[in-house]
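Thank you for making time for this today. I would like to walk you through one structure, taking it a site at a time, and I will try to be careful about what can be said of each.

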Amino acid sequence: MLKLIISPPARRTIFWYAEMKLYEFEGREIVASYGIPVPRGNVASSPEEAERIARELGVPVVLKAQVLVGGRGLAGGVKFADTPEQAKAVAAELLSKSVRGEKVDKILVVEKVCISKELYISLTVDRAARKPVYIVSEMGGVEIEDLARKHPEKIHRIYVDPMVGYTDYMARETLKVLNLPWSLLPEVAKLMSAMHRIMIDYDAELVEFNPLALTCDGRLVALDVKIIIDDNALFRHPDLQKLYGRDMTEYERRAKELGFSYVELDGDIGVICNGAGLTMATMDSILYYGGRPANFLDLGGGASSERVKEAAKLMLTHPRVKVLLVNIFGGITRCDEVAKGVVEAIKEVGISKPIVVRMLGTNEEEGRRILAEHGISAYSEMDEAVRRAVEIAKQVSSAT
Ligand code: GDP
Ligand code: MN
């Protein structure tokens with residue numbers, strides 16, 4: 001999954017980055033190998049296997065759908081079973097459905113832990129502060145984004161000097177924030193230093209335990225583990241490299257196959273540009289005028305009409321794209337090739353979505369002529385084209 005980081009005050013695109021999520025069962029294996037307590041358990045791919053694991057572990061057990069989306073609990077992806085037979089039935093049910101649109105083909109079966117309190121702890125990177133930061137809260141179990149919105153005062157941050165790393169005062173501070181007894185200090189210290197080592201060793205952007213359970217008998221157990229790896233560092237981790245791409249959307253995968261730089265976002269304006277600089281400027285401009293990009297696709301330099309056609313087809317078939325904005329600065333990229341590609345895409349997919357084109361430069365006149373033949377007028381000012389696309393997106397969304 002790729003994300004766009006938008007700084008709220010200026011609403012400007014700073015940069016985009018890619019991340020690679022690990023499944024819970026993969027994350028907890030890493031965590032356990034660093035000595036952090038996790039519930040005993042195993043992964044099942046069939047109801048029979050789930051039954052056998054439940055029998056071996058002893059009941060009650062928790063059955064957890066292994067998907068990369070969060071909030072499985074609320075979406076019915078985390079279930080309990082009191083007997084091995086029940087575990088089999090629950091596993092059959094989980095394996096037959098999707099959780100938040102993601103198909104379930106593995107289930108983690110773990111011992112049910114008696115919880116006295118659900119806590120939250122994570123280690124992530126604060127990009128603005130240019131430091132790792134532990135995020136700690138007494139209110140675990142809920143999505144941290146929700147907590148940040150509703151109870152920002154319940155979230156405590158402990159910044160880490162990158163030159164120094166974890167030090168023990170951080171554990172003491174965490175203990176206080178979490179209202180834990182002093183007897184747990186060695187546990188908390190071990191946990192937090194292990195989290196830091198995992199971040200460094202795996203180039204993780206996030207190591208999160210939500211919840212970190214305080215058990216009824218007073219121990220700390222990482223009940224749910226989420227690890228996200230920075231995919232720019234994958235060249236250092238050949239074993240993780242082969243996992244890359246499995247959490248891509250269908251469109252990200254298709255674009256990657258076609259060799260385009262493509263980023264999936266959550267708005268409704270599809271964007272095709274040539275060159276990273278122009279693409280980022282276009283993103284900035286859309287946000288500036290109050291629009292929201294659905295994605296962006298960078299054609300690179302010198303795209304043929306065939307490539308433009310493939311790019312435009314991808315955009316026109318994308319369910320979230322309400323309007324397509326094509327912003328081309330013709331240099332080695334020829335405007336007539338772009339125009340031809342756009343027109344051919346419309347013919348092939350037979351879907352009519354509003355298209356706004358801005359083109360300037362090499363073979364601009366010919367490009368305009370081709371588009372005009374098909375009822376598309378092209379702007380030469382980027383500002384005007386962007387404003388028009390934002391306006392159309394607003395009209396379309398208010399009409400539906
Ligand atoms: P998520 O919803 O995807 O974050 O899945 P979690 O693994 O965090 O589980 C969701 C919730 O299920 C937790 O917040 C707990 O309330 C509950 N839960 C999960 N495992 C156990 C367990 O072993 N014992 C108990 N009592 N509750 C659990
Ligand atoms: Mn969780």
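Let me begin with a question: is the link of Cys 114 and Cys 216 left-handed or right-handed? Please keep in mind throughout that what you see is a predicted model. With -75° about the S-S bond, the link between these two cysteines is left-handed, and the distance from sulfur to sulfur is 1.8 Å. Cys 114 sits in the loop between strand 8 (107-111) and strand 9 (115-126), while Cys 216 sits in the loop between strand 12 and strand 13, so the bond ties together parts of the chain that are 102 residues apart in sequence. Cys 114 is partly exposed, its relative accessible area being 48%, and Cys 216 is partly exposed as well, at 44%.

The structure holds one disulfide, and you may wonder why Cys 335 is not bonded to Cys 273. The sulfur of Cys 335 has its closest cysteine sulfur in Cys 273, but the two are 13 Å apart, which is too far for a bond, because a disulfide needs sulfur atoms within 2.5 Å. Cys 273 counts as buried, with 0% relative accessibility, and Cys 335 is buried too, also with 0%.

Let me turn to the metal. The manganese ion, ligand 2, is coordinated at 2.2 Å by Asn 210, through O, and by Asp 224, through OD. These two residues come from distant parts of the chain, 14 residues apart, with Asn 210 in strand 12 (residues 204-215) and Asp 224 in the loop between strand 13 (220-222) and strand 14 (225-230). Both Asn 210 and Asp 224 are buried.

Asn 210 also brings us to the other ligand, since a polar backbone atom of Asn 210 is 3.2 Å from an oxygen atom of ligand 1. Which residues come nearest to ligand 1? Of the 17 residues around it, these are Lys 64, Arg 72, Gly 73, Val 113 and Glu 118. In the side chain of Glu 118, an N or O atom is 2.5 Å from an oxygen atom of ligand 1, and for Gly 73 it is a backbone N or O atom that lies 2.7 Å from an oxygen atom of the ligand. On its own ligand 1 exposes 570 Å², of which the protein buries 83%. Strand 4 (61-65), strand 5 (78-81), strand 9 and strand 12 are the elements that each give two or more residues to this shell, and by character the shell divides into seven nonpolar, four polar and six charged residues.

Finally, some details of the backbone. Asn 210 appears once more here, as a cis peptide bond joins Asn 210 to Pro 211, with omega at about 5°, and Pro 211 has its place in strand 12. Another cis peptide bond joins Val 59 and Pro 60, with omega at about 0°, and Pro 60 is found in the loop between helix 2 (47-57) and strand 4. Arg 100, in the loop between strand 6 (98-99) and strand 7 (102-103), has a positive phi of about 50° although it is not a glycine. Asn 179 likewise has a positive phi, near 55°; its place is in the loop between helix 5 (169-177) and helix 6 (185-202), and at 57% relative accessibility Asn 179 counts as exposed.

Terms used: Residues numbered from 1 in each chain as written. Chains lettered and ligands numbered in written order. Predicted model: local features only at pLDDT ≥ 70, side-chain atom pairs only at ≥ 80, totals over all residues. Heavy atoms only, no water. Donors = N, O, S within 2.8 Å, 3.2 Å for Na, K, Ca; no water. Helix = DSSP H or I, 4+ residues; strand = E, 2+ residues; numbered from the N terminus. Buried < 20%, exposed > 50% of the residue type's maximum accessible area, 1.4 Å probe, protein only. Near = heavy atom within 4 Å. Polar contact = N/O pair within 3.5 Å; in protein donor to acceptor, adjacent residues only side chain to side chain. Areas by Shrake-Rupley, 256 points an atom, 1.4 Å probe, with all protein chains shown as cover. Nonpolar A, V, L, I, M, F, W, Y, C, P; charged D, E, K, R; others polar.
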